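Thanks for coming. I will go through one model today, starting with the core and then turning to the symmetry and the DNA.

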Number of protein chains: 2
Amino acid sequence: MKIGELASATATNVETVRYYEKIGLLPAPARTNGNYRSYGVAHLQRLSFIRRARDLGFSLDAVRDLLALTDDREKPCQAVDEIASRHLSEVERKISDLAAMRDELRVVIGNCRHGTVGDCKIIETLGPRVRPDPK
Amino acid sequence: MKIGELASATATNVETVRYYEKIGLLPAPARTNGNYRSYGVAHLQRLSFIRRARDLGFSLDAVRDLLALTDDREKPCQAVDEIASRHLSEVERKISDLAAMRDELRVVIGNCRHGTVGDCKIIETLGPRVRPDPK
DNA sequence: CTTGAGTCTGTAGTGGCTACAGACGGTACA
DNA sequence: TGTACCGTCTGTAGCCACTACAGACTCAAG
């Protein structure tokens, strides 16, 4: 399988595949006579795993850890659970941060009376919350 | 006001203040005899605005646009409203992306039977969804 | 035999900072 | 007066996870 086929089979950019190889996430495949990368099923499986984990928001470091764990089938699953759970809390934290942003943005936008910038409530709300001379 | 005071008054890193100056977001201030940056109230206000907008998730480019708008008080507020509204939809999109991730992560983690990696449902769920030989 | 698509390596850019290194300024205390 | 120490200065490099080239090649179709 050539890199373009692998890439399209996994909905990945060709450049990204090469990047994963460079950072050691995907093993370097054999080469054809013309020096083209030649991938097998194992590569396809591994890249699919990586993509799916990335889609779920795992960092490349986390993916690396997960991949390392899959190599030893005897290890307890706990380490995997831990990585996933840590990531879940991270995602939940991001959601609540964004939800707070969203609520505040709605208030800000809701105040807009569509006049001029001079009496724009959005600008005003964004504007300086200056503490009176902390010095 | 020295850079450290400005920074702590706005909960910003000193490096970030200098970075904002470098990219033209914050005007270069006067210097003292010893070549220290010397800020006035206008800088404090501008940086407060920037920080608040950043806290609400606006990109530096959006902040730049907002700042440009605040300079002409006669302009209609519509442009401001547009930037903010566009940003709000962006935030809402991110929230729903993350919520989808969260839901899927919960399913994945919920499947964990705490055995060994060999029969780990997390790894399995993450694992290759290989379409049978697309060639 | 040419054309065009795919692939190769290597480097640089993105956003928004953050982290140094190495030199200089300013102040508090001995 | 020395000295210790903090803050500040400039400039450069690093972070994440790619993405976008440039310039050279391989290969299959017409």
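This is a predicted model. Let me begin with the largest nonpolar core, which has 82 residues. Those with the most contacts inside this core are A:Phe58, A:Val80, B:Phe58 and B:Val80. Domain 1 (1-56) and domain 2 (76-135) of chain B both contribute residues to the core, so it lies between them. As background, nonpolar side chains in soluble globular proteins tend to be buried together.

Take A:Phe58 from that list. What is A:Phe58 in contact with, leaving aside its neighbours within four places in sequence? Within chain A, its contacts are A:Ala53, A:Val63, A:Leu66, A:Ile83, A:Ala84 and A:His87, and from chain B there is B:Leu105.

Next, the symmetry. Chain B is superposed on chain A by a rotation of 180 degrees with 0.0 Å of shift along the axis, and the RMSD is 0.1 Å. The two copies are thus related as by a two-fold rotation axis. Which residue of chain B comes closest to the rotation axis? That is B:Ile95, with its C-alpha at 2.9 Å. As for the interface, 100% of the interface residues of chain B are also interface residues in chain A, so the copies meet through the same surface.

Now the DNA, beginning with strand C. DNA strand C is surrounded by 18 residues, and the closest are A:Arg31, A:Tyr36, A:Arg37, B:Tyr20 and B:Arg54. Of the atoms of this strand that come within 4 Å of the protein, 77% are sugar and phosphate. On the base side, an N or O atom in the side chain of A:Tyr36 is 2.5 Å from a base nitrogen of DNA strand C. On the phosphate side, an N or O atom in the side chain of B:Tyr20 is 2.8 Å from a phosphate oxygen, and a polar backbone atom of B:Leu60 is 3.4 Å from a phosphate oxygen. Among the elements, α2(B) gives the most to the surface near DNA strand C, with three residues.

On to strand D. There are 18 residues around DNA strand D, the closest being A:Tyr20, A:Arg54, B:Arg31, B:Tyr36 and B:Arg37. Here 78% of the strand atoms within 4 Å of the protein belong to sugar or phosphate, and the rest to bases. A:Tyr20 has a polar side-chain atom 2.8 Å from a phosphate oxygen, and the side chain of B:Arg18 has an N or O atom 2.9 Å from a phosphate oxygen. A:Tyr36 appears again, with a side-chain N or O atom 3.1 Å from a base oxygen of DNA strand D. For this strand, α2(A) gives the most to the nearby surface, with three residues.

Note on methods
Residues numbered from 1 in each chain as written. Chains lettered and ligands numbered in written order. Predicted model: local features only at pLDDT ≥ 70, side-chain atom pairs only at ≥ 80, totals over all residues. Heavy atoms only, no water. Core = buried A, V, L, I, M, F, W, Y, C linked by side-chain atoms within 4.5 Å. Buried < 20%, exposed > 50% of the residue type's maximum accessible area, 1.4 Å probe, protein only. Domains from an automatic or database assignment. Contact = heavy atoms within 4.5 Å. Least-squares fit on C-alpha atoms with pLDDT ≥ 70 in both. Near = heavy atom within 4 Å. Polar contact = N/O pair within 3.5 Å; in protein donor to acceptor, adjacent residues only side chain to side chain. Helix = DSSP H or I, 4+ residues; strand = E, 2+ residues; numbered from the N terminus.
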